[in-house]
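Me: I'd like to go through this model with you and ask how each label is earned. Could you set the values against the cut-offs as we go?

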Amino acid sequence: MLQVKNLRKSYRAGKTTYEILKGVNLAVAQGEFVAVMGPSGSGKTTLLNCISCYIPFDQGEITLGGQELKDLDEKSLAKVRNRKLGFVFQDFMLLDGLSVQDNILLPAIIGGNTGTAMEQRGNRLCDFFGIGQIRGKYPADISGGEKQRTAVARALINDPLLILADEPTGNLDSKSSRAVISSFEEARNKLSATVLMVTHDSFAASFCDRVILLKDGTVYGTLERKGKERGGFQDELLEKIKEMNGDAA
Amino acid sequence: MKNLGKIGAELRRRNRKQYTLLSACLFFSVLLITAYVSIMRSPTVLDILPEGGDSRKMVMMIFALAAVGCGVFSIYSASLFFRYKSREAGIFLMLGASRGRISKQLFKEVMLTATGSCLAGALLGTPLAWCIWQLFRAFLVDTQEMKLSFDPQAYLIALAFTAGILVALFLMGRAFIRRTNLIDIVNQQHKSEPVHDVKPWFGPLGIVLMAAGGFAGYLAPTIMVRMLHTYQTGWTKLFYLPFFVGLYMVLIHTVVHGWRQGKSRYRNIASRSMMKFQGRQTVNNMLVLTVLIAGAYFATFNTPMMGTAQIMEMENRPVDYAFHYRADQNLPSRSEIEAMAAKDKVAVTGWKDAETAVLGSDGREEVSDGGGKFHFEYRKLGGECNCISESEYREMTGKAADVQPGRFAAVMSEESAGKMDSDDKTLLTNMTTRKSMSFGFQRSLRFGMMASPSYYVLDDADYAKITAGLAEEWCERLVCFNVKDELQTYDFAKELFHEIVNRSGPECEVDEDYDRVAKIAANEAGKAWWGDEHPEIMKVSYDQPDSSQFRIGWKYMPKFRVLDRNDMVREYAVYFMVFLFISIICFAAVLLIGYTRCVTIAVNNRRVYDDLRHLGAAPGYLFRSVRGQVSKTFGAPGLIGTVLIFAYFVMILFMNDSQITREEFSALAVCAGIALGLSIVLWAFYRFTLRRVCRMLKIN
């Protein structure tokens with residue numbers, strides 16, 4: 001589904017160049033729910049921004065559904081973002097001037113898919129994520145958890161190959177976080193969605209099939225859940241993170 | 001289901017405040033500039049402000065300042081709009097909309113909004129100018145010359161300004177959408193624009209640069225003309241550059257450090273940090289406000305500067321009525337004037353009249369070398385010189401001149417005194433016999449009625465010798481008298497003035513700069529006199545004796561105090577009103593820009609104030625923090641603009657004659673009064689804005 005090979009990205013600030021990604025390699029299979037974890041500055045968000053083509057990268061390859069992204073022109077990239085990717089952001093990125101329903105339908109409208117079938121799909125997603133009763137409301141009038149579930153529904157409206165989520169629970173309380181993670185699980189289980197989520201939250205990551213640990217711009221290691229109980233997987237995850245941070249006993 | 005067009009319409013409807021703000025800012029910018037240019041290019045005004053004259057240059061200079069100010073303000077309002085749009089456009093792009101589509105929609109929206117607002121401003125600018133002018137006519141002064149006419153070409157300038165704004169918006173939009181990093185686009189709304197921290201000496205150095213630039217810019221053209229003998233002084237305006245750099249440094253220092261040290265540094269830390277982190281737009285706005293306030297004061301002070309000096313000159317005249325005329329003219333005699341006065345029940349007292357002579361005086365003429373260069377050449381017949389004998393002078397003034405043979409005393413104004421010294425010599429020539437005599441300067445004398453044009457007083461024997469055989473056309477008579485109850489003699493003064501005009505011959509229908517001696521000398525040398533080459537400067541007409549052009553320009557214009565006092569506002573009506581209009585436009589722009597800037601303080605910092613509230617800041621603290629920002633936005637430009645213009649006027653007045661005369665000091669005092677009044681208006685508007693901003697931030 002997604003293959004990242006030797007991805008490199010650096011930023012310049014004045015005369016200094018900061019290398020953020022130093023040759024990242026990873027792959028995500030169809031129907032997987034994968035988390036990327038790592039300390040601040042490890043390059044998690046940069047990795048996600050490169051995969052979503054929000055920022056250009058220096059070197060490497062990103063292949064999505066068999067399509068290499070690096071050589072695509074601006075128009076083709078827009079098509080990839082619209083048809084093959086769905087996005088969920090920490091601060092929701094909903095348009096305040098549009099209702100919940102219009103926000104969910106926005107990627108479909110941008111893609112020129114404005115039939116009733118899409119409207120019905122939007123309604124189904126609203127009901128699926130428990131936001132059917134607020135579909136006429138505006139973002140300013142709903143809670144953070146509802147906003148993020150709206151964002152998840154929006155990410156799924158075009159039935160993308162991959163959902164990219166950047167700290168989706170970062171601005172939420174524990175109850176809302178749980179609801180959002182459940183939305184991803186349900187999207188994976190019932191709608192066959194593939195999810196790549198960047199998070200700081202070991203609790204949220206413990207629901208994933210696999211966790212990729214990133215440190216100083218490279219992949220430090222990978223942990224697979226493989227049917228383990230969630231609590232046990234979270235403990236294993238925390239141990240690995242301690243080890244990565246040099247705190248292991 | 002909705003399509004992208006309907007979504008766009010929905011977003012516009014929900015965010016109409018942003019569109020209204022952009023529309024209003026562009027509309028008012030173009031409205032003010034169009035109104036200004038309508039007046040500036042009006043034939044009514046151009047007829048009064050001579051081409052190439054200082055007044056017209058001043059109007060143009062303030063227009064340039066206003067255009068830059070309104071242009072920067074328009075771009076600022078557009079940048080606010082793009083900041084708001086950035087999140088919307090960024091989300092669309094992230095969700096897969098193509099750049100082409102978003103840019104098309106963005107340009108359509110911006111251009112429709114901007115073009116509509118700008119065109120409305122351009123269309124309504126002239127009616128606004130007309131309305132303000134009609135209000136002047138209704139409530140201040142109305143004369144035949146105040147009838148306003150418009151030149152359609154003014155619209156070309158207004159349209160050029162509009163086109164400039166639209167092009168700037170287009171370029172801003174293109175740069176905005178062309179960025180490759182979508183994260184930058186979506187985060188632009190929350191991006192701060194801090195100014196770099198500056199050293200504590202930054203502000204004081206700025207003041208030094210301002211002073212140095214102001215002096216250098218003012219003196220450079222004079223130095224160029226005097227030392228290098230060239231009129232190509234346009235480039236010397238570059239000497240003003242340090243002034244603007246200094247001004248920018250002072251404003252940055254004000255925003256970054258403030259001028260108060262010690263405890264208050266911490267007390268104002270919240271407001272200062274907010275200003276600092278929007279530093280670029282804060283400083284740019286303050287710079288524009290400072291320049292506009294300075295422009296407004298420059299226009300406002302022009303009237304009292306001119307008016308006060310004139311009023312004082314009038315009030316200090318030693319006699320009520322005075323006029324001079326060529327001896328070959330059939331002007332009313334003493335008995336005729338007394339009869340005229342008796343008819344109007346006016347008692348003439350202290351009648352004095354004297355014979356004077358117009359002689360040729362030598363001098364140095366500036367001769368053009370082409371390409372803006374010139375050199376001086378000595379001319380035996382340089383120009384006219386009015387002379388009077390010592391005894392006639394004593395008869396006229398009651399004071400002895402005590403002039404020695406071979407010397408002359410010059411009757412001078414206070415400003416001109418000191419411009420001659422004992423080494424100065426002049427060669428006077430009888431224009432009929434062409435006999436010449438050389439005279440040395442002895443002393444200067446004061447007598448208001450004979451200071452402009454200046455009279456030379458000669459020893460009686462010398463006077464008789466040099467004027468022997470002088471034809472009547474070169475002889476003049478100078479008449480002075482007083483009246484009882486001067487204030488009641490306006491009708492008599494006007495009648496006498498018209499009688500003098502009616503009985504003056506066509507040879508006297510000339511401007512005060514008309515110089516027969518220089519003309520004869522040029523013609524005898526086989527050249528054309530410059531006055532003949534510029535007939536537009538020399539035009540006065542007996543047909544319009546009450547026009548300001550005639551009364552200000554006629555060579556033989558009588559000095560009747562009651563007439564001048566009553567008609568001064570009428571004579572200078574257009575002139576005064578133009579500058580009043582300009583100051584209104586500049587102040588309107590100041591209030592508009594200041595208000596918009598302060599409103600954006602509220603919009604940009606809403607979250608910060610919420611955070612401060614959550615940290616336990618009391619309403620009083622929040623209020624002080626808002627006041628700190630709003631007061632700086634209005635206060636710093638107001639203070640700097642006012643001080644600047646005062647300093648500039650003092651410098652000009654002092655540099656003119658190395659002194660500040662009583663008239664000039666009084667004019668400065670009047671200007672200070674006006675500045676105080678306008679500062680109170682500015683303060684009231686600041687209080688109004690402060691209340692609005694506090695209400696927006698829900699601070700009681």
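**Labels and the values behind them**

Reply: Happy to; B:I660 is a good place to begin, in the loop between α23 and α24 of chain B. Please keep in mind that this is a predicted model.

Me: Why is B:I660 called partly exposed?

Reply: Its relative accessible area is 32%. Buried means under 20% and exposed means over 50%, so B:I660, at 32%, is partly exposed.

Me: What makes B:I660 part of a nonpolar patch on the surface?

Reply: A patch residue needs over 30% relative accessible area and no salt bridge, and nonpolar side chains are joined within 5 Å. B:I660 has 32%, and the patch also takes in B:F215, B:V650, B:F654, B:M655 and B:F665. Together the patch residues have about 530 Å² of accessible area. Helix α23(B) gives the most, with three residues.

Me: Staying with that helix, why does B:T642 count as buried?

Reply: B:T642 lies in helix α23, residues 619-657 of chain B. Its relative accessibility is 15%, and the limit for buried is under 20%, so B:T642 counts as buried. Leaving aside residues up to four places away in sequence, B:T642 touches B:I293, B:Y297 and B:A675.

Me: What makes the phi of B:D485 worth pointing out?

Reply: The phi of B:D485 is positive, about 50°, although the residue is not a glycine. B:D485 lies in the loop between β8 (475-483) and α16 (490-503) of chain B. At 60% relative accessibility, against a cut-off of over 50%, B:D485 counts as exposed. B:K698 also has a positive phi, near 55°, and is a residue other than glycine. B:K698 lies in the segment after α24 (662-696) and is exposed, with a relative accessible area of 67%.

Me: How do you know that B:E473 and B:R516 form a salt bridge?

Reply: The N to O distance between their side chains is 3.8 Å, and the rule asks for a side-chain nitrogen of Lys or Arg within 4 Å of a carboxyl oxygen of Asp or Glu. The pair therefore meets the rule. B:E473 lies in the loop between α15 (460-467) and β8, and B:R516 in helix α17 (residues 516-524), so the pair ties together parts that are 43 residues apart in sequence. At 35%, B:E473 counts as partly exposed, whereas B:R516 is buried at 10%.

Me: What makes B:R561 and B:E486 a link between distant parts of the chain?

Reply: B:R561 forms a salt bridge with B:E486, with the closest N and O atoms 3.3 Å apart. B:R561 is in helix α20 (residues 561-571) and B:E486 in the loop between β8 and α16, 75 residues apart. B:R561 is buried, with 8%, and B:E486 counts as buried at 13%. Both belong to a network of salt bridges with B:E315, B:D320 and B:R565.

Me: Which residues form the salt bridge between chain B and chain A, and how do you know?

Reply: They are B:R99 and A:E74, whose side chains meet at 3.2 Å, N to O; with a limit of within 4 Å, the pair qualifies. The count between the two chains is one salt bridge. Chain B and chain A bury about 2600 Å² between them, 66% of it on carbon and sulfur atoms. The contact takes 26 residues from chain B and 30 residues from chain A.

Definitions and conventions:
Residues are numbered from 1 along each chain as its sequence is written. Chains are lettered from A and ligands numbered from 1 in the order in which they are written. This is a predicted model: local features need pLDDT of at least 70, side-chain atom pairs count only at pLDDT 80 or more; totals for chains, interfaces and linings use all residues. Side-chain values use heavy atoms; hydrogens and water are left out. Helices (H or I, at least four residues) and strands (E, at least two) are DSSP runs, numbered from the N terminus. Buried means under 20% relative accessible area, exposed over 50%, partly exposed in between (1.4 Å probe, protein chains only). Contact means heavy atoms within 4.5 Å. Patches are made of residues with over 30% relative accessible area and no salt bridge: like charges are joined within 9 Å, nonpolar side chains (Val, Leu, Ile, Met, Phe, Trp, Tyr) within 5 Å. Accessible areas come from the Shrake-Rupley method with a 1.4 Å probe; for residues, only the protein chains shown count as cover. Buried area is the accessible area (1.4 Å probe) that two parts lose on being put together, summed over both.
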